[in-house]
Structures are given as structure tokens and as C-alpha cells.
Amino acid sequence: MVIAGGGPTGLMLAGELALAGVDVVVVEPRATQDLDGSRAGGLHSRTLEVLDQRGIGDRFVVEGQTYPSVGYAQTTLDISDFPTRRNYVLGLWQPAIERILLGWVSELGVPILRSRAVTGLVTSESHLGIEVSDGSSLEAQYLVGCDGGRSLVRKTAGIGFPGVAASTSWIRAEVEMDEEPEFGIRRDSVGQHAIGRRKEDEPIGVVLTERSVEHAGAPTMDELREALIGVYGTDFGLRSAGWISRFTDAARQAAAYRNGRVLLAGDAAHVHPPQGGQGLNIGVQDAANLGWKLAQVVHGTSPDSLLDSYHAERHPVGARVLRSTMAQVALSRPDERHQALRDTVGELLAMDEPRRHIVGMLSGLDVRYDLGEGHPLIGRRMPDLDLQTTDGPTRASALLQEARPVLLNLAGPGAVGPSSLSGSVRPVDAARHDGPWELPVVGEVPAPSAVLIRPDGYVAWAGEPADPALPAALWTWFGAEMSGTPARP
């Protein structure tokens, strides 16, 4: 297995595959994991839950700062009442996120080919020939493009990237200034601008809306200085810049997340403006959805068609994020009409139900995959319950640290027969949880007697042990059978 790109999405996917025993290599253009700039600055609740499922969530939390709210179009929304152990946004810059993920992947023994990039593909019926920039080649069953918004893998695979062209451009930088700047947010006829920093000993962060969306090449110090003067009337003694970058409100999504043996994840599959801070987060969640499916196909546990569910499940999530960020950009326009719209939306979001809806979406806690009818848990993330198992106390997330599916029996020992077929599903007996379970946005649902949990933490089935849908779910998702049921053809 080859992963093109060693950013957060690529590293997360590499870790998922390594846990599942898949031979994987990452091809990364950077010579080190160092980044030019801070990039993304936070992890949402569902991403933290995914990291908890692999036993590494606390590694991130101890280095970040927790905030009990999320932001939507300049409105602050409380998340502290959500039913999750991670009911906050974790402030942590992308360089730290990547460093921690790299440490985890290194522990798992994943090789990273640095200072190299995937440059071409040769497809055959049984494998891919992957051309690398140093003149070498690799052979793999599958290639996953995690190589960013300008993904060469996506282009080489012939996957379209439709969407909305940029209407606004921002210049962003980390700088040193001789004078005390005007910290905070400023709005004018051009748009919204901000200067700030988290700590006194950190560089100053600058984000400025540009007057033009048409630019050739990367921004320069002169452009940054001119932009500062255009907004504030001074450059505040701009002395140096650790980095300068530019981003726009272009929003595009891959027409397909899969073309044969080539798959896409993260920014290679979707790009959008950073409003709401969802980009890195949904990339990590893409990886969690895809990793176990690829592993089962590579191991022969499941047919190749299982990979089609990756697009079916994650493409709608990406499309919703694009709509959300486009709406937030529109709500941030500086004129009086948009201010009236912001005020109206703010009034709505002051009400509990609209707030919960938007917070559920931004945090990723409300995602539901269409896995069919039945118990309201089906297709949703498994709550991280405290459990009393036959092996002692644990949490639901801890059951998933090996990236294996779990059949959690809460109806008493022996109520659900153990799964078989290569031991792909781990059976766990635990004491029954009395009373309803609480799900984000949805509210309380009846406690099931048993739950079939996918490696990504989503519920494939829930209900009573005698439910005939359980054997079907075991076979469909994991190629597993229950003892005492007829063998599948």
C-alpha cells in the first residue's frame, strides 16, 4: 500500500493500516515534518474521539488548550453541554499535530520516503506501478492520494474536481513588528481583517482580506506591507515574517473518492475556506473510515466492493462541509445587508435546537452514515461509555485500540455467540447499561442489548441478540459469521 503525502491525513491513514497489519509506505515531498507556517489550529470533538479510539488522544490534549465553544460566522456557540468526553475544541497548531502523529506512526514502524513525490501511475489488473520523483518505482495494490488540494494523484487518476471558484482572497502571515499593532478584528468595505497572538512570546498572526482575488505566485513581504497599510494606514513597523501564505474561498470536491485502485482523502478530495476549522478534521476522519476497509480488502476478508462504501459515506460529509464554509463566507461579507443577515442568524443560534444542530455539524459528532433502518444508533458514532467487562472496567473507545471491529454484548454472558472466520470481530461481554443513552443532537435513545462497532467507531448494528439483521451485518461489513448460523455461500 502506498500513501502519497505525509500530512495529518496521510499519517493517520498510515497508522490505521499499520495497526491492521498492512504493509504500507508513505511518500512525502518534505525532507522533514517541518511546516512553513502554523496552518490549521485545532481539533474538533469527533476527531479527538477518533484519536481516543487509538489510545493517543491524550497525547494531543496535554499539548493544547481547550475551548468550550466553536465558532460559526463570527458567532460563538457553546459545546460544553454535549454528551462527549471531549466537549471542547482543542487549540493546537498543525505542526504539533503532525509531530504527534508522526511519533505514533514511527512507533508502528511505518517507513516514510522523504524528499520524494508520486509522479505517475501504471495500472494493471492486479496492481499499480507507481512512479516516484527520484526515478524509482513502487508496486502496490492500492494508492491513496493524501497529497493536498493540487493533488497530482487525483489528476493522474482522471478524477474531476468541480466546485466554486474563488471570490475572495486572504493573505496570512506570522510576523515580528517594531510597534504594538491593533490587536483584534477590524471590518471595512473590503472585508474582515485580524491581528492577534495566543501568547506574548509567540509571533504575531495577521490575516488580511485582499482587494483582488487575482494573484500570480506566492505573496511577498511588499504585498503584506501594502495590505497592512491599506487596512490600518501603517505596517506597524513590520520587521520580518516567519512565513506568508494566501488562501481563498474556493470550494471544490472530487467527483469520486475512488477510481479503481486509486483513492483520495483529505484535501486531495475536498478543499474549502478555513471558516469553522473543519478541513484537517474531516481529513483525519476520512482516514479512519478508509483504513479498516482497505485493510480488510488487502487481507481478503472483504471483497473489493467494500471500498465503494468509502465514497458513499464520506462524500456527503465533505459536501456538507463545503456548504457550511460557503455559508460562513457569505455571512461574513462586510456590507449592511449581510450584517442584518448575521444578526438574524445569531438570534436563531441563540436558541438551543439551532445551536445544537450547527455545533453537531462543526464538531463532527452528528455524522450518521446510511447503514439502513433499525435502532437509532445504527450509522452513528458509538458513545464512549464506561463499561464493566469480564476483563475489568474499561471505556468503549479502549475496545477499538487494535482497530478491529467489536461485538459488544450487554445482555449477559453467552447471549450473543462469538464471531468466527479468522477472528476478524472481537466479542466482548459487558454489564448492561440501564436507562437510555444520550447521543449528540439526537438526544436520548433506548439502550440496546448488543452493539456491533466498526473499527472507525461507528455502529454497524444495534439491537437484541436474536435480531436476524446481526448475522447479515457481520457478514456484510466484516466477512464474519456467528456460531450457530448457516454458512454463507
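**Exercise 1. Helix α2**

Find how many residues of helix α2 (residues 45-53) are buried, and say what follows for its surroundings.

*Solution.* Start with the terms. Helices (H or I, at least four residues) and strands (E, at least two) are DSSP runs, numbered from the N terminus. Buried means under 20% relative accessible area, exposed over 50%, and partly exposed in between (1.4 Å probe, protein chains only). Now count. Nine of the nine residues of α2 are buried, so the rest of the structure largely encloses this helix. The buried set is S45, R46, T47, L48, E49, V50, L51, D52 and Q53. Then look past the helix. G55 follows α2 and has a positive phi, near 80°.

The model is predicted: local features need pLDDT of at least 70, side-chain atom pairs count only at pLDDT 80 or more, and totals for chains, interfaces and linings use all residues. Residues are numbered from 1 along each chain as its sequence is written, and side-chain values use heavy atoms, with hydrogens and water left out.

**Exercise 2. The nonpolar cores**

Identify the residues with the most contacts inside the largest nonpolar core.

*Solution.* Define the core first. A nonpolar core is a set of buried Ala, Val, Leu, Ile, Met, Phe, Trp, Tyr and Cys residues joined through side-chain atoms within 4.5 Å. The largest one has 107 residues, and F60, L408 and L452 have the most contacts inside it. Helix α7 (residues 279-298) gives the most to this core, with nine residues. Another core, of 16 residues, lies apart from it; I171, I195, Y232 and I244 are among its members.

Next, take L408. Contact means heavy atoms within 4.5 Å. Leaving out residues up to four places away in sequence, L408 touches M382, L387, L399, V428, A430, S449, A450, V451 and I453.

**Exercise 3. The β29 and β30 hairpin**

Describe how strand β29 (residues 450-453) is joined to β30.

*Solution.* Two strands pair if DSSP finds at least two bridges between them. Here four bridges join β29 to β30, and the strands run antiparallel. L452 has W461 in β30 as its bridge partner. Five residues lie between the strands of this hairpin, and G457 takes a positive phi near 90°. Finally, check cover. Strand β30 (residues 459-463) is mostly covered, with five of its five residues buried.

**Exercise 4. Positive phi outside glycine**

Locate A73 and S115, each in a loop between two strands.

*Solution.* A73 sits between β5 (69-72) and β6 (75-78). Its phi is positive, about 50°, although A73 is not a glycine. A73 counts as buried because its relative accessibility is 10%. S115 lies between β8 (112-114) and β9 (118-123). The phi of S115 is also positive, near 60°, in a residue other than glycine.
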